[in-house]
Structure formats: C-alpha cells, structure tokens
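Hi,

Here's the structure I said I'd pass along. Have a look at it first, and my notes on what turned up are underneath.

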Amino acid sequence: MKEKIVNKDQDKGFDIWSKWGMTQKDESVCLGPYSSYQWRNSRRHLLFTAARYKFAMKMIGNMYEPEKRKILDLGCNDGFGTYFAAEYAQSVLAVDFDEDAIAYAKENSCDSMELRLENFLDKYYGEYDAVVSFDVLEHIYPEDEEKYMNTVLKNLKDSGTFVVGTPSLESQQYSKENVSNAHVNVYKGEDFYCMLRRYFHNVYLFTQNDEIIHTGHLRMANYLIAVCANKKQRSATEDSLKNEGGGILD
C-alpha cells in the first residue's frame, strides 16, 4: 500500500501542487537523433547549444519584439536550437541537408517553424530580419566559404543581424576524433573576425566556454561567436544573380 501523508504541512503542500502542478504538464517530447547522441555522450553540449541560441535571440532583439522578427536558421540540424529561436520570432525557416535530422524536426516542429531539406548554399529564401548559423562554418570547405557567406548576405535585410558561431582552432586538440575529423574549416579568433569584416561593416566578437558567453581572451575560448550588422552592399551584377535565384558569386 502507498504510504499515507500525515503531516499537515505536507498535506497543504500536496494540495497546492495538486491545484497548480497539473497546469505545468504537457505531452512528453523526445530529442532528435543528434541531440540524443549529445544526451547520451556529452549532455553538457545541449546546454552549450541552448546558451548560443538564447544569446542570439537577445542580440537580435527577438525577446523584446518577437512579433516583428523573421529568422533564417542555416544548418539547423535536428532543430534543437531552432525551437529556442521559434519561441521569440514571428516565423523561423530552418534548413539542413541531413534527411534524418529534418525528418525528426518536421515531426516535432511548432507553428512558427518551417523546416526544409536541402543544401542551402546559393539559395534565396527571402529577406530576413536575422540569420543564425551555429556549428556550420567548420563543415564548409574553404573553397565554398564565399558561397556560404553570400547566401547569408542575399537572405538578410540591409538592417538585419547575422549571428554565427564555430569552434575555435585552439579547441580542436580537445575534441573527440569523430567530431574534429568532420571539421574542415576552423578559425582562430582574429582570422574569424577578419573574414566576417569582408562582408559586414560591424562585427562584434564574443567567446564561449561551457555555457558562458563572454569577451574573454581569444586563445582561451572553446567557441567563437560573432554578431554582424550593417552588411556590405552588393554590386548590380550580384543583385541580378539574386533576382535570377542563383548564387551571388560563383
């Protein structure tokens, strides 16, 4: 038999929890394939991802005017981070070329999320208030980096914000082999900044250690995050390529 609660204070606590605790329940959710890998092998990395998206939403301003923001998430994986963006946006378009990841994300998306399965390089999806892209740049081959950045530019409003994050070069010696072997384009902080300044007039560089995002010493950072604004203008030729639906610079 279940033990009966006899303490009056406990009875009061149970009564109030019975009244209000039920309002804090919902259907259980499951993690996507890649987030499940993190949960089983390195749970703290889910906190790192959540911190990055929360930071991005604050920098974009979505927490203050969510009804006015449209976001493009390039390289969304199984959408774990995209859910954070969707909470503070009018709409989020999330794109990735991983079939299993997008299949999960589509089955578990919310009303403000749209998921698309394709390689986003050179694609035009519209003009967005913000573009976010975490843990993607390191998987882009150097010869495709310009296509990646031009994809960001042609989908971003002139007044828009780009928030991008990537592991630091210094962190690679501590990465698991199955992780670091997939990284083909990794930066030191100064080089990351200089690359982004080719495309934006304003680049604000941050660093991350665990879930803490700060402005600490670049050499001690595990992860680099940049907030970019005031994109540099394209030429008339580049704009014509955008209107035709092709890449800006091939």
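Leaving aside residues up to four places away in sequence, H201 touches A229, N230, K231 and K232. Bear in mind that this is a predicted model. A neighbouring stretch shows up in the C-alpha distances too: H201 and C228 sit 7.9 Å apart in space, C-alpha to C-alpha, with their positions 27 residues apart in sequence. H201 itself belongs to strand β6, which covers residues 200-209. Is H201 buried or exposed? Somewhere in the middle: its relative accessible area is 41%, so H201 counts as partly exposed, a class that runs from 20% to 50%.

The other bit I looked at is strand β1, residues 70-74. That one is largely enclosed by the rest of the structure, because 4 of its 5 residues are buried.

Which strands does β1 pair with? One is β2 (residues 91-96), which runs parallel to β1 and is joined to it by 5 bridges. If you want a spot to click on, try I71, which stands opposite V92 in β2. The other is β4 (residues 128-134), also parallel to β1, with 3 bridges joining the two. Here you can look for D73, whose bridge partner in β4 is V132.

There's a helix to add to that picture as well. Helix α4 (residues 80-87) joins β1 and β2 in making a β-α-β unit, and the unit is right-handed.

Cheers

Notes:
Residues numbered from 1 in each chain as written. Predicted model: local features only at pLDDT ≥ 70, side-chain atom pairs only at ≥ 80, totals over all residues. Heavy atoms only, no water. Buried < 20%, exposed > 50% of the residue type's maximum accessible area, 1.4 Å probe, protein only. Contact = heavy atoms within 4.5 Å. Pairing = 2+ DSSP bridges. Right-handed = clockwise from strand over helix to strand, strands pointing away.
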